[in-house]
Amino acid sequence: MHEMGIVSGILSSAVDAAEKEGASKINDVRISVGVLTEIQDFALQFAWESLSPGTIAEGAELVATFVSPVSKCSQCDTEFEHDRFEIVCPNCGNFVCEQIKGRELTIDSIDID
Amino acid sequence: MEIDIKKPILDRNDRLAQDNRALFDEKGVFVLDLMASPGAGKTSTILATIDALRDRYNIAVIEGDIASKVDAEKISAHGIPAVQINTGGACHLESDMIQRAIAALDMDALDLIIIENVGNLVCPTEFNLGEHAKVMILSVPEGHDKPYKYPNIFQIAEAVILNKYDTLSVFDFNEEEFRSVVTSLNHEAPVFAISATKGEGVDAWAEWLTDRIEALKSGS
């Protein structure tokens, strides 16, 4: 459900940036989404189809790249990929780790005419 | 033509949250964002927290619900200022809603604002409101497996309250497993077992909150 709020953020940033460039149409919007945000692509697409009509982003494709979680061990500095649950350093077994990837929520670029 | 944007999606929300935070810091008001499922006992926990801290601090509550004024009325009946936000269907609070709510409060007279977020274990986690701490409540009847299903909220919470602890013997709730999973997701968050409606276990939680309020007041 919070995809609605996220998509309205995407839409306003994309439309602002496109209008600043004097664009009349947005062709696609590229975003990065960390897996740990629990955001689902189908819900993003549903919200995009609901919110973009009537704006210059109508008909634009929303392309989400999902980013896997990566953490860095606070003891041995090992960087490792992990799933959403087990965050344990594979090198030394420490679970005090700093999250460095996986929580992204960024609008990367737009393609405009 | 391709243009680079490289900007946080929730930029607007984050900017408004920073404005809220600046105001909270300036006024020395500690702001807590309390998150939980519907029925976990958010309002009861708030009432128990008010009872524990009202002699020491001036408290107000911001109630977030999809509809109704039921919660704000409960808090007001307790003699505490309460502002009800009805999100009209939205599953979480955003910082502009908080901005409007605090306009209705006397910020100079307050030490603590407790925000009761919309009952939901997923959506409120992504939306910064300008709060000093996010805390989540899980109640025993929801089951010890919830951290497996909703890891994000357990990761971002600065403290976890295990409510309805007095019902432990009735439900198949494995407390040891729950605590161990919470620790593996979030090694810093303390877990406070409480029974909000009976006031049991509230002292340790209230002490944690007091330490945080005092840290803000002393500027650390």
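Two strands pair if DSSP finds at least two bridges between them. That idea is handy for reading this model, which is a predicted one.

A good place to start is chain B, with strand β2, residues 30-36. This strand is mostly covered, with seven of its seven residues buried. Its side chains split into two sets: Phe30(B), Leu32(B), Leu34(B) and Ala36(B) point one way, while Val31(B), Asp33(B) and Met35(B) point the other way. Both sets are buried. So what does β2(B) pair with? One partner is strand β5 of chain B, residues 112-116, and the two run parallel over five bridges. Within that pairing, Asp33(B) has Ile115(B) of β5(B) as its bridge partner. Another partner is strand β6 of chain B, residues 133-139, again in the parallel sense and over five bridges. There, Leu32(B) is matched with Ala133(B) of β6(B).

Over in chain A, strand β6 takes up residues 105-112. It is mostly covered too, as eight of its eight residues are buried. Inside its own chain, β6(A) pairs with strand β1, residues 26-34, and this time the sense is antiparallel, over seven bridges. Asp28(A), for instance, has Asp111(A) in β6(A) as its bridge partner. But β6(A) also reaches across to the other chain: five bridges join β6(A) to strand β1 of chain B, residues 2-8, and these strands run antiparallel. Two of the matched pairs can be picked out here. Ile107(A) stands opposite Lys7(B) in β1(B), and Asp111(A) has Glu2(B) in β1(B) as its bridge partner. Asp111(A) therefore turns up in both pairings, with Asp28(A) in one and Glu2(B) in the other, each match counting towards strands that pair by the two-bridge rule.

Ile31(A) gives a close-up of this region. This residue lies in strand β1 of chain A. Is Ile31(A) buried or exposed? Ile31(A) counts as buried because its relative accessibility is 1%, and the cut-off for buried is under 20%. Leaving aside neighbours within four places in sequence, the contacts of Ile31(A) include Ile10(A), Leu44(A), Leu62(A) and Val63(A). Also among them are Thr106(A), Ile107(A) and Asp108(A), along with Ile9(B) from the other chain. Cys92(A) is another story: 61 residues separate it from Ile31(A) in sequence, and the two C-alpha atoms are 34 Å apart in space.

Now for the meeting of the two chains as a whole. The size of an interface is often given as the accessible area lost when the parts come together. Here, chain A and chain B bury about 2600 Å² between them, with 60% of it on carbon and sulfur atoms. On the chain A side, His2(A), Phe85(A) and Leu105(A) lose the most area to chain B, together making up 20% of what that side buries. Counted by residues, 30 from chain A are in contact with 28 from chain B. Between the chains there are 11 residue pairs in polar contact, counting pairs with both residues at pLDDT 80 or more, while the salt-bridge count is zero. Which elements of chain A supply at least two residues each to the side that touches chain B? They are α1 (3-20), β1 and β6. Of these, β6(A) gives the most, with eight residues. The residues on that side of chain A divide into 15 nonpolar, seven polar and eight charged.

Methods. Residues numbered from 1 in each chain as written. Chains lettered and ligands numbered in written order. Predicted model: local features only at pLDDT ≥ 70, side-chain atom pairs only at ≥ 80, totals over all residues. Heavy atoms only, no water. Buried < 20%, exposed > 50% of the residue type's maximum accessible area, 1.4 Å probe, protein only. Helix = DSSP H or I, 4+ residues; strand = E, 2+ residues; numbered from the N terminus. Contact = heavy atoms within 4.5 Å. Buried area = accessible area lost by both parts, 1.4 Å probe. Salt bridge = Lys/Arg side-chain N within 4 Å of Asp/Glu carboxyl O. Polar contact = N/O pair within 3.5 Å; in protein donor to acceptor, adjacent residues only side chain to side chain. Nonpolar A, V, L, I, M, F, W, Y, C, P; charged D, E, K, R; others polar.
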